[in-house]
Amino acid sequence: MAPSHAVRCCQRGLSWIPVIFINLVVCWSYYAYVVELCIYTIANTEEQVIYLIVFHVFFFMFIWSYWKTIISKPASPSKEFCLPKADKELYEKEEFPEAQQEILKRVARNLPVYTRTGSGAIRYCDRCQLIKPDRCHHCSTCDRCVLKMDHHCPWVNNCVGFSNYKFFVLFLAYSMLYCVYIAATVLQYFIKFWTNHLPDTHAKFHVLFLFFVAGMFFISILSLFSYHLWLVGKNRTTIEAFRAPVFRNGPDKNGFTLGFRKNVTQVFGDQKKCWCLPLYSSLGDGYTFPTRLVNADSEQGNVEHQVIKCTVDGQTNPRPLSESQNHLLGNNMHSEEQKDSSLANIEVCQPVSITMENES
């Protein structure tokens, strides 16, 4: 037991190395820009003030969103998704997978669970011993199931999922703006140092290296940021982009898409004034999501809506899905559907907490 505990402690310590590295680079960039460039290199006072004000705005937003991504605890399924004691004992006693699946199916009828494994089985985590909610996956690094898991990011030493995905996207956006601003304002002094139009001082190394580092990070972050913007527009996670979610009727990569505007609203919230701030504003509870299922789940019983509490960003969010679902699937979508009379009839199952559409 002791050696394994020591190994886990070492792994936890080593996992902070990328975060420490990023913070050291950021601290050096702050010193190089503020001290070596603005104070020692730029002679014009007005230019110094403007550069420093804009720089600190980007710097503050970058640090704020970065550390919000780091410190936001990944949201995990609540006890409602654990097997009852009697069913758990039966599940552990059963030796045949088919019998175990029957137990899971019986329990899952009372839960808002509509996705399956690739073979059509109920998604059950043996490690956490619970039925996985839709879009939930187990992170081997964090050793927990994470709601709407996107990926585990070593640069923030945290799982990116339902509780902090907005913060992660903002972190990419502000880090990109931080880098491009530094590169753009340093460029003229980079050229002057490079062509020897400025005297060789201790600031030369910092200014030259600052431009290269900012440019390098900007290029690498740009591709990642563009990819996650595409994911937000499609309402997919990184996991779902590589492996489409499986419903009763089979895999459907667009199973959770609601249209670009509503997809963005689901991540950033319905208050546009909060979109650019790393404050929690995502819609939903992390357990159930509006979806465009092509067929009703015939094995799913009528699930009366349960208020499942989800703690995100230090506060409990008991808002049921139906509230965000009604907002996302509001009159806009219904009016658009009514325009096309050739579409198949849309059937809404009221007792079920997910709106399901039949498509011919």
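**Reading helices, buried residues and cavities**

Mentor: Over residues 167-191 the chain is 100% helix and 0% strand, with the end C-alpha atoms 36 Å apart. Helices here are DSSP runs of H or I with at least four residues, strands are runs of E with at least two, and both are numbered from the N terminus. This is a predicted model, where local features need pLDDT of at least 70, side-chain atom pairs count only at pLDDT 80 or more, and totals for chains, interfaces and linings use all residues. Residues are numbered from 1 along each chain as its sequence is written, and side-chain values use heavy atoms, leaving out hydrogens and water.

Trainee: Where does UniProt place the feature "transmembrane region"?

Mentor: The unreviewed UniProt entry puts that feature at residues 20-43, 49-67, 167-191 and 203-227. Positions follow the numbering used here, feature names are shortened, and annotations may be inferred rather than shown by experiment. For residues 49-67, the model has 100% helix and 0% strand, and 27 Å between the end C-alpha atoms.

Trainee: Is Y174 buried or exposed?

Mentor: Buried means under 20% relative accessible area, exposed over 50%, and partly exposed in between, using a 1.4 Å probe and protein chains only. Y174 has 11%, so this residue is buried. Y174 sits in helix α6, residues 165-194. Its C-alpha atom is 6.6 Å from that of F58, although the two are 116 residues apart along the chain.

Trainee: Which residues is Y174 in contact with, leaving aside neighbours within four places in sequence?

Mentor: Contact means heavy atoms within 4.5 Å. On that basis, Y174 touches M61, F62, S65 and C276, sequence neighbours within four places aside.

Trainee: What about N164, in the loop between β6 and α6?

Mentor: N164 counts as buried because its relative accessibility is 0%. Its side chain reaches the backbone oxygen of T69 at 3.3 Å. Apart from neighbours within four places in sequence, N164 is in contact with T69, S72, N158 and C159.

Trainee: How many cavities of 30 Å³ or more are there?

Mentor: Rolling a probe the size of a water molecule over the atoms shows where empty space is left. A cavity is a set of points, on a 1 Å grid over the protein atoms alone, where a 1.4 Å probe fits but cannot get out; lining residues have an atom within 4 Å of a point. The count comes to 3. The largest has a volume of about 130 Å³, and among its 16 lining residues, K148, F162, Y165, Q266 and V267 lie nearest the centre.

Notes:
A polar contact is a pair of N or O atoms within 3.5 Å; within protein, one must be able to donate a hydrogen and the other to accept it, and residues adjacent in sequence count only if both atoms are side-chain atoms. On a 1 Å grid over the protein atoms alone, a cavity is a set of points where a 1.4 Å probe fits but cannot get out, and a pocket is an open set with protein on both sides within 12 Å along at least five of seven lines; lining residues have an atom within 4 Å of a point. Grid points are joined across faces, edges and corners, and a volume is the space filled by probe spheres set on the points.
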